[in-house]
Amino acid sequence: MTIAIVAAMPEELTPLRARLSGPLRTEPTSLRSLVVERGRLGGHDVTLAATGDGARNAREGVAALLAASGARALVVIGVSGALSPELATTDLVVASRVTDEEGGVREADVESVAAATRDTGGRAAVLVSARRIADSVDEKRRLARQAGGGLAVVDLESASYVAAADRAGIPWLVLRAVSDGAGEALPPLLNRSLDAGGAVSRGRVLRGLLGDPGALPLLLTLRKRVAECALVLARAAEATLPVCLADRGAA
C-alpha cells in the first residue's frame, strides 16, 4: 500500500526526502510542473510531491499526485500560522477538523487523530484554510473566531488536499508545524505578492523588497523557521505512517 505525502513548498519536504530509502524514483504526472518521488520511509512505500502554495496549485497538484501514485492514504504536512496564543513556533498540531472560509467543514477520523497525537507528541487543533495569508493579528483573531474556540491554526492549502482525499475515498491526516505566532504580524508584502492562483510569487517578493526593505529580516526569520518546522514534520510524518495503515485495517 502506497501512502502519498504532500506539501505546498519543496522546503517543507526536504528533511523528509532525506529519510527515504531506495530505490528512489521520480515520475512525471499529468501536470508538467509536478514530479512524484517514490521511495521507502519507515518500511512503507511512499510518494512525495510539492504542489506549490495557494489553493489552486494545491487542488490541481494533489489531484495529479493521487492519480499518478495510486495512493491508498494521504498525509498532508507543512507550516501554519497559530491562531491560538498557546501555540509557539515549531509546535506540531494534528488537524481534528479542516475548515475553509466558504464554510466547508471536514472532520478528521477521531481515532487516527488520537493515535497521531500520541505517537508524535503533537496537539489536536482545528485548521482553517484561508483565502489569503493571515498577515495581521486582527486577521488571525477573526479566523480564530471562525475556528470556534480551542486550539487552531491557519494555512492556505489543507482544505483542498483533504477534499481530494475524500473524493478519492481514502483516509487523510494533516500535520502542521507553527511558523508564526498568533500575536505576530507578517509582512503585508507577502499578500501583495500573491499571483492569480493564490501562490506567493518569489519574483514579486524580490521586487517588492526594493520598496519595502524593512520586511527582509522577518522574511529571513520565517525562512529559518520553515526549515526548523520541516525537521519536526519529517519526524512526525514517519511516526504516523502506521496510523494510515491502521485506517485501512492493515497490520
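Buried means under 20% relative accessible area, exposed means over 50%, and partly exposed lies in between, with a 1.4 Å probe and protein chains only. In helix H3 (residues 110-120), the buried residues are Ser112, Val113, Ala115, Ala116 and Thr117. This is a predicted model: local features need pLDDT of at least 70, side-chain atom pairs count only at pLDDT 80 or more, and totals for chains, interfaces and linings use all residues. Residues are numbered from 1 along each chain as its sequence is written, and side-chain values use heavy atoms, with hydrogens and water left out.

**Overall fold**

- The chain has eight helices and 10 strands. Helices (H or I, at least four residues) and strands (E, at least two) are DSSP runs, numbered from the N terminus.
- The chain's radius of gyration is 17 Å, close to the 18 Å that the globule rule gives for 251 residues, so the chain is as compact as a globular protein of that length. The radius is taken over C-alpha atoms, and the rule is 2.2 Å times the number of residues to the power 0.38.
- Along the principal axes, the C-alpha atoms fill a box of roughly 55 × 40 × 30 Å.
- Of the chain's 251 residues, 54% count as buried.
- Contact means heavy atoms within 4.5 Å. Among contacts between residues at least 6 apart in sequence, 77% join residues at least 24 apart.

**Surface and charge**

- About 10900 Å² of the chain is exposed, and carbon and sulfur atoms supply 53% of that area. Accessible areas come from the Shrake-Rupley method with a 1.4 Å probe; for residues, only the protein chains shown count as cover.
- The chain carries 30 positive and 29 negative charges, and their mean positions are 3 Å apart. Lys and Arg count as positive, Asp and Glu as negative; His and the chain ends are not counted. Each charge is placed at NZ of Lys, CZ of Arg, CG of Asp or CD of Glu.

**Cysteines**

- A disulfide is a pair of cysteine sulfur atoms within 2.5 Å. The count by this rule is zero.
- Cys229 is buried at 0% relative accessibility.
- Cys244 is buried too, at 3% relative accessible area.

**Strands E3 and E4**

- Arg38 sits in strand E3 (residues 35-41). Its relative accessible area is 12%, so Arg38 counts as buried.
- Beyond its neighbours within four places in sequence, Arg38 is in contact with Thr2, Pro23, Leu24, Arg25, Glu27, Val46, Thr47, Ala68 and Ser69.
- Arg38 and Leu220 are 182 residues apart in sequence, and their C-alpha atoms are 31 Å apart.
- Thr47 belongs to strand E4 (residues 44-50). Thr47 is buried, with a relative accessible area of 0%.
- With neighbours within four places in sequence left aside, the contacts of Thr47 include Arg38, Val36 and Glu37. Thr2, Ile3, Ala4 and Ile5 are also among them, as are Leu65 and Ser69.

**Strand E10**

- Arg176 lies in strand E10 (residues 172-180). At 1% relative accessibility, this arginine is buried.
- Arg176 and Val154 are 22 residues apart in sequence, with a C-alpha to C-alpha distance of 9.3 Å.

**Helices H5 and H7**

- Helix H5 (residues 158-168) is mostly covered, with eight of its 11 residues buried. These are Ser158, Ala159, Ser160, Tyr161, Val162, Ala163, Ala164 and Ala165.
- Ala163 of H5 is buried at 10% relative accessibility. Its C-alpha atom is 27 Å from that of Gly43, 120 residues away along the chain.
- Gly211 is in helix H7 (residues 202-211). Gly211 is exposed, with a relative accessible area of 71%.
- The C-alpha atoms of Gly211 and Ala125 are separated by 37 Å, and the two residues are 86 apart along the chain.

**Positive phi**

- Gly121, just after H3, takes a positive phi of about 80 degrees.
- Gly169, just after H5, has a positive phi of about 70 degrees.
- Thr90 is a residue other than glycine with a positive phi, near 75 degrees. Thr90 is in the loop between strand E5 (73-82) and strand E6 (92-100). At 28% relative accessible area, Thr90 is partly exposed.
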